[in-house]
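Q: Please take a close look at a single part of this structure, and then follow it to whatever else helps. Explain each term when it first comes up.

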Amino acid sequence: MSAAASRRAASPYARRLARERGIALAELAGTGPRGRIVAADIPLQLVAAPEPAAAVPAPAPVATAPSAPAPVAVAARAFGAFATNLALGPLRELIAAAGVDVPLHAFLARAAAQATGRYAEAIRLVAADGRSVAVAGPARLAPSEIACRFEAGEGASAERPLVLTHLAVSGIRPVAGSLAPDCDLRILVVAAPGTETGEALLVHDSDAVSEAEAATMLAAFRDALENPLRLLV
Amino acid sequence: MSAAASGRKVRAVKSAGLPAELSRAALLDLYERMVLLRRFESVAQTACRKGETPGFLHLYIGEEATAVGICAHLKPTDWITSTHRGHGHALAKGMSPNSLMAELFGKRDGCCGGRGGTMHLYDRSVGLFGTNGIVAAGISHAVGVGLSGRARGREDIGVAFFGDGATNHGGFHESLNFAGIQKAPAILVCENNLYATATPLASATLNTEIASKAASYGIPGIAVDGNDVIAVWEVMREATRRARSGEGPTLIEAKTYRTVGHHEGDPVTGTYRTQAEVDEWLKRDPVKLFRARLTDDFSVASTDELDAIDARIDAIVQTSLEFARNSPEPDPATSGLHVFAEPLNPPEALVQPVPGATQTQSWLDAVRDGIAEEMRRNPHLLYFGEGTGERGGTFAHTKNLYAEFGPQRMVDTPISEQGFTGAAIGASATGTRTIADLMFADFMFEAAGQIVLQASKLRYMSNGQMNAPVVIRVGSGAVRSAGPHHSGIYHTSWAHVPGLVVCMPATPADAKGLMKTALRASDPVIMLEPKALFATKGEVPAAEHFVPFGLARIAREGRDITIVSAGQLVHRSLEAAEKLAAEGIEAEVIDLRTIMPLDVGTVAASVTKTHRLLVVDEGWGAFGVGAELAQAMNELAFDELDAPVGRLHSEAQPHPLAPALERAMLVDTDKILAAVRSVLSGTAPTPKHWRHLGGRTAAPVASSPPVPVPSAPSQAASASPPPPAAAAPGGPGEPITMPFGDLTVSEGTIVGWLKAEGDKVKAGEIVAEIETDKAVVEIEAPIDGVLGPIEQAKGAVVPMGGRIGSVVPGGAA
């Protein structure tokens with residue numbers, strides 16, 4: 001019988017990679033124990049053809065400042081953008097359990113700083129009420145401290161800050177966002193008060209931040225919010 | 001012939017000698033309560049026979065005078081603990097008949113919302129600390145209640161009801177002894193109804209005079225006719241006065257009889273007693289006796305007046321029956337509520353301050369400081385332990401706390417883990433927090449019933465009314481040949497039990513932070529501190545520091561494999577990771593910090609990055625942390641696994657004394673390295689703990705060398721004793737080593753050498769001095785001979801067991 005042929009041993013991760021890369025396991029030779037196909041056996045076949053809708057397609061030519069009529073001689077920037085859903089339930093529960101009055105945007109800022117690493121030496125936090133404050137070193141600050149500094153309004157001007165914008169509306173999905181000339185990376189969160197879900201859009205300058213890196217950072221941002229105890233340490 | 005009845009001392013109260021406090025109103029109140037107990041249970045009995053109550057009932061019929069006479073002296077803020085036969089105690093203490101009947105019916109409006117039922121009745125509003133399904137379990141709770149009241153400067157007392165069967169149980173003896181030595185404001189009431197289920201007292205003990213047992217513990221014991229409510233009332237008056245005035249506990253033996261079967265459905269006589277005996281006792285029915293005295297001896301009421309009381313009670317009981325019948329069934333969706341506090345973490349642990357200054361501290365000092373901070377903040381925090389008071393603890397782990405907080409808060413206990421753990425639970429549930437220090441993790445099993453059956457279930461049984469914020473603190477795990485009874489860790493046994501939090505820190509900072517969180521939390525916490533780490537030092541935040549339950553620490557980041565560990569093996573895992581890094585393999589090491597709750601989210605996130613997982617755990621593997629995490633990855637991260645999850649545990653056997661045997665069973669760095677390589681190659685190491693027939697046992701057995709010395713460095717003289725952990729390269733001659741001291745010392749500094757290289761020395765002669773944190777240790781020559789090369793010079797810091805030089809035998813220089 002051809003039982004062996006019909007059932008190729010493969011690790012779950014290898015199966016997932018093969019599925020994602022559109023490769024049939026039958027075409028591969030396994031190097032794991034007893035011929036098991038492992039991740040290293042799956043070729044790094046970049047899918048050149050039409051990209052599956054893994055994320056919201058990057059809005060290609062969103063010009064810098066559409067309202068500016070005078071053509072300024074600035075080199076055109078290339079943008080990328082990714083969007084994701086956010087499960088805010090765990091974070092809301094944590095904030096309630098902590099019994100302290102720390103606003104959501106402080107946790108979002110901390111998560112964004114944690115997720116974007118070196119791009120968040122400073123963060124420009126734009127709250128739902130429109131106030132905008134720059135905070136230095138947000139990845140090293142507790143959310144409560146970020147909230148304090150935001151309220152104090154200390155504007156630590158910094159080179160190329162990460163911009164985090166919080167919009168408190170519901171039922172709206174962001175699909176494109178502008179990127180100010182002085183920054184390379186921006187996360188826009190749409191989350192109405194008290195809701196358990198939200199939407200996030202990450203916009204990046206493609207020259208400064210690669211697409212792969214940008215996508216990874218947005219995933220990390222989402223994961224951080226879904227495991228919010230991590231935001232405290 | 002009813003020998004039991006006729007042989008009893010009956011303390012009849014003459015009508016002339018009726019105590020002044022027993023006014024007409026008071027007497028009628030006693031009567032009314034006794035009637036309530038009787039009529040209520042008669043109705044419950046019928047309902048039980050009809051199958052209206054889920055489960056069966058143990059009825060109190062025939063013993064009413066005892067509960068009523070005792071509880072007449074108690075205030076709602078006093079607490080009673082009770083038995084499986086506790087409806088009478090509950091009603092006598094003031095519980096609403098509606099609430100009680102609904103609970104017997106398992107209905108939503110019962111005192112515990114249908115969670116507890118007959119043997120698990122709790123009512124905080126009237127001071128009912130549980131009827132109890134476990135014989136003798138409530139006695140220590142009442143002692144703790146008394147200590148709790150005293151600690152809070154209140155005159156509330158704890159009263160334990162228990163049967164004659166309990167007096168042969170350790171819970172009785174340990175509690176009486178502890179209550180006595182503490183002069184606890186507690187009263188211990190034995191209802192001697194002659195039979196423990198069906199076992200006659202005389203066939204269970206040679207000393208059937210239960211009151212006389214109090215003498216063993218230096219407290220008063222008094223026997224009383226338990227069917228005479230006035231006699232019970234008088235004895236209790238004196239016991240209450242003693243308890244409230246600080247004179248200490250009293251044992252009361254109320255001699256009584258249940259005129260019904262052990263439980264409803266059990267025959268009245270059974271095989272253990274005669275109808276004649278039952279009939280004899282029925283003549284002395286407490287309700288009938290008291291009714292006759294009210295009308296005939298005291299002339300305080302007419303028959304008609306008493307009939308009117310009876311009728312009123314009948315109506316109340318009938319109402320309770322209708323109430324129970326009409327109460328809704330509990331909502332099945334609520335079945336899982338009240339296992340843990342919601343949220344589990346105290347708010348303080350969820351707000352992390354900005355990282356600030358740190359100080360280098362030893363493990364024990366850091367935890368001790370954390371406890372002291374909490375004791376200063378909370379004056380109602382008590383510490384129970386064996387030698388942890390004036391002596392400062394076996395590991396010097398409570399050093400100076402006694403001086404600061406005194407004997408009433410640093411309570412030195414007898415070696416009776418069940419008794420003082422039960423007292424700690426009782427105290428913690430009634431307004432104080434407690435630490436029960438059981439010294440070694442192995443000893444927790446002496447108190448296992450209290451931890452598993454009482455503390456962990458208290459919140460649930462009581463429908464969230466009560467909780468036991470007690471910290472069980474023990475030194476745990478293997479360290480240097482501590483042997484079969486002092487090396488265990490058992491964390492998974494406790495983590496298996498719903499309602500318990502289990503902490504197993506790996507650093508001084510986490511140990512302090514988790515201890516402080518535990519002392520603010522509201523569930524029982526098992527704090528397992530690895531003894532092997534007591535002598536370690538680390539950076540500890542100088543400011544307030546809490547570590548939340550259920551949040552693992554990423555001890556080292558890596559990309560190729562995730563190693564999950566906890567406690568002392570975190571450090572072995574980190575060592576292995578460093579060795580792997582030299583080969584270009586980057587391992588991520590996760591320190592779980594708490595076993596329950598288990599941070600599977602952090603592990604899954606790491607596996608998403610590394611795609612391989614090895615669990616390294618000090619516990620036994622079967623049904624352990626490795627199995628749990630492997631299944632968690634099946635559920636949470638199956639598509640991320642590029643290799644089977646591996647697990648590495650201590651071998652499934654007791655801990656032997658001999659170092660060579662012990663090393664063979666414990667996890668060490670080399671074993672971790674081998675297991676990592678195995679997982680990286682796509683094969684999980686297979687444990688042999690299942691002992692299943694026909695399994696793959698041949699391979700591991702065959703692969704074991706005849707003399708298992710897996711991690712010993714190569715050594716020429718295999719006959720010599722195995723080298724200590726920190727062995728230096730061997731030279732000729734007999735090694736001179738820094739001796740092992742107690743567990744809290746890890747290293748010493750060489751003060752100086754008293755002999756020079758080449759000097760002749762005799763066995764036992766002092767050759768060097770080493771100073772440790774505790775003392776200066778004199779180092780002797782091991783044999784006659786000539787002092788060889790000095791390997792560690794003056795000023796060198798040497799680990800315990802480390803080699804500092806050698807003596808060459810003979811005199812030939």
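A: In chain B, four strands make an open sheet in the order β26-β25-β23-β28, with antiparallel pairing. Strands, like helices, are DSSP runs numbered from the N terminus: a strand is E over at least two residues, a helix H or I over at least four. Two strands count as paired if DSSP finds at least two bridges between them. The edge strands are β26 (776-780) and β28 (797-799) of chain B, each pairing on one side only. On average, neighbouring strands of the sheet are turned by 40 degrees against each other, direction ignored. Such angles, which run from 0 to 180 degrees between N-to-C directions, use axes that are lines fitted to C-alpha atoms, for helices over the stretch in contact.

This is a predicted model, in which local features need pLDDT of at least 70 and side-chain atom pairs count only at pLDDT 80 or more, while totals for chains, interfaces and linings use all residues. Residues are numbered from 1 along each chain as its sequence is written, chains are lettered from A and ligands numbered from 1 in the order in which they are written, and side-chain values use heavy atoms, without hydrogens or water.

Within the sheet, strand β23 (residues 747-753) of chain B is joined by four bridges to the antiparallel strand β25 (residues 766-771) of chain B. B:Ile750 has B:Ile770 in β25(B) as its bridge partner.

Elsewhere in chain B, aromatic rings come together. Rings of Phe, Tyr and Trp (its six-membered ring) pair if their centres lie within 6.5 Å; planes under 30 degrees apart are stacked, over 60 edge-to-face, and the rest tilted. This rule gives 13 aromatic pairs over all chains. One is B:Tyr195 with B:Tyr257: the centres are 6.5 Å apart and the planes at 75 degrees, so this pair is edge-to-face. B:Tyr195 belongs to strand β4 (residues 195-196) and B:Tyr257 to the loop between β7 (250-255) and α9 (275-282) of chain B, so the pair ties together parts 62 residues apart in sequence.

B:Tyr257 is buried (under 20% relative accessible area with a 1.4 Å probe and protein chains only; exposed is over 50%, partly exposed in between), at 1%. Its ring and that of B:Trp281 have centres 4.9 Å apart and planes at 5 degrees, so they are stacked. B:Trp281 lies in helix α9 of chain B, so this pair ties together parts 24 residues apart in sequence. B:Tyr195, B:Tyr257, B:Tyr272 and B:Trp281 form one aromatic cluster.
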